[in-house]
Amino acid sequence: MYTYITYRMLHFEYIEFDSPDLPGSGAEFMDQDFLDLLDKARAEAKIPFKITSGFRTPEYSIDLKKRGYAVAKNSAHMQGLAADIAVTSSANRLIIIESLLYVGFRRLGIGKGFIHVDLSKTKAQDVVWVY
């Protein structure tokens, strides 16, 4: 078992970033710089961010793919560098996107009901895509 240090976030709990098949994985595997930046974006937005996906184990990614979800090869989720945020309205979508860009995120994916944000170190920067 690994020993890991957790830091206090103002707007999130580590459990929100757990892979469904590995309790505690949010605290153990999420990148702290990513979480700090996301916490700053949440403070800037002044609206709640509901995290629908954070860290993903390789096994969980395979399961998602089998169920028909688009799963990127070498997903930033598996490196603890990504999160999906639920959105329920166009107004909230704009607020969330603006706050993510304001704090320095440069990789966003826009879906009908969610926003993907990541800090991949190996993929193209300054990009926005749609699902």
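Leaving aside neighbours within four places in sequence, which residues is Trp129 in contact with? Keep the question in mind while you set up the view. The model on screen is predicted.

**Stop 1: Trp129**

Select Trp129, which lies in strand E5. Then show what surrounds Trp129: apart from neighbours within four places in sequence, its contacts are Arg107, Leu108, Gly109, Ile110, His116 and Asp118. Pick Gly109 from that set and check the backbone. The C-alpha atoms of Trp129 and Gly109 are separated by 4.7 Å, although the two residues are 20 apart along the chain. Now colour by accessibility. Trp129 is partly exposed, with a relative accessible area of 24%. Last, add Tyr131: its side chain and that of Trp129 are joined by a polar contact of 3.0 Å.

**Stop 2: Arg107 and Asp118**

Two of the contacts of Trp129 are Arg107 and Asp118, so keep them selected. Their side chains meet in a salt bridge, with 2.6 Å from N to O. Arg107 is in strand E3 and Asp118 in strand E4, so this pair links distant parts of the chain, 11 residues apart.

Are these two residues buried or exposed? Arg107 is buried, at a relative accessible area of 7%. Asp118 is buried as well, with a value of 2%.

**Stop 3: Arg106 and Asp126**

Step back to Arg106. A salt bridge joins Arg106 to Asp126, and the closest N and O atoms are 3.6 Å apart. Arg106 sits in the loop between H4 and E3, and Asp126 in the loop between E4 and strand E5 (127–130); the two are 20 residues apart. Arg106 is partly exposed, with a relative accessible area of 35%. Asp126 counts as exposed, at 62% relative accessibility.

**Stop 4: helix H4**

Select residues 90–103, which make up helix H4. For 14 residues at 1.5 Å a residue, the expected span is 20 Å, and the end C-alpha atoms are indeed 20 Å apart.

Which residues of H4 are buried? They are Arg93, Ile96, Ile97, Ser99 and Leu100. These residues are on the same side of H4, because they cover an arc of only 165 degrees around the axis. In an α-helix there are 3.6 residues a turn, so residues three or four places apart point the same way. Turn to the other side of H4 to find Ser90 and Tyr102, which are exposed.

Show the partners of the buried side next. The buried residues of H4 pack against helix H2 (32–45), strand E2 (82–86), strand E3 (107–110) and strand E4 (114–118). Just after H4, stop at Gly104, where phi is positive, about 120 degrees.

**Stop 5: Leu100 and the core**

Stay with Leu100. Leaving aside neighbours within four places in sequence, Leu100 is in contact with Leu38, Ala41, Phe49, Ile85, Phe105, Leu108, Ile115 and Val117.

The largest nonpolar core has 30 residues, and Leu100 is among those with the most contacts inside it, along with Phe17, Phe34, Leu38 and Phe49. At least two residues of this core come from each of H2, E2, H4, E3 and E4. H2 gives the largest share, 6 residues. In soluble globular proteins, nonpolar side chains tend to be buried together.

**Stop 6: Ser53, Arg56 and Asp84**

Move to Ser53, in strand E1 (residues 50–53). Ser53 is buried, with a relative accessible area of 10%. Not counting residues up to four places away in sequence, Ser53 touches His77, Ala82, Ala83 and Asp84. The side chain of Ser53 also makes a polar contact of 2.8 Å with the side chain of Arg56.

From Arg56, go on to Asp84: the side chains of these two meet in a salt bridge (3.2 Å, N to O). Arg56 lies in the loop between E1 and helix H3 (58–66) and Asp84 in strand E2, so the pair ties together parts 28 residues apart in sequence. Both Arg56 and Asp84 are buried. In total, the structure holds 4 salt bridges.

**Stop 7: helix H3**

End at H3. Its buried residues are Tyr60, Ser61 and Leu64. They cover an arc of only 100 degrees around the axis, which puts them on the same side of H3. The other side of H3 has Glu59, Ile62, Lys65 and Lys66, which are exposed. After H3 comes Gly68, with a positive phi near 95 degrees.

Methods:
Residues numbered from 1 in each chain as written. Predicted model: local features only at pLDDT ≥ 70, side-chain atom pairs only at ≥ 80, totals over all residues. Heavy atoms only, no water. Helix = DSSP H or I, 4+ residues; strand = E, 2+ residues; numbered from the N terminus. Expected span 1.5 Å × (residues − 1). Buried < 20%, exposed > 50% of the residue type's maximum accessible area, 1.4 Å probe, protein only. Arc of directions from axis to C-beta. Contact = heavy atoms within 4.5 Å. Core = buried A, V, L, I, M, F, W, Y, C linked by side-chain atoms within 4.5 Å. Polar contact = N/O pair within 3.5 Å; in protein donor to acceptor, adjacent residues only side chain to side chain.
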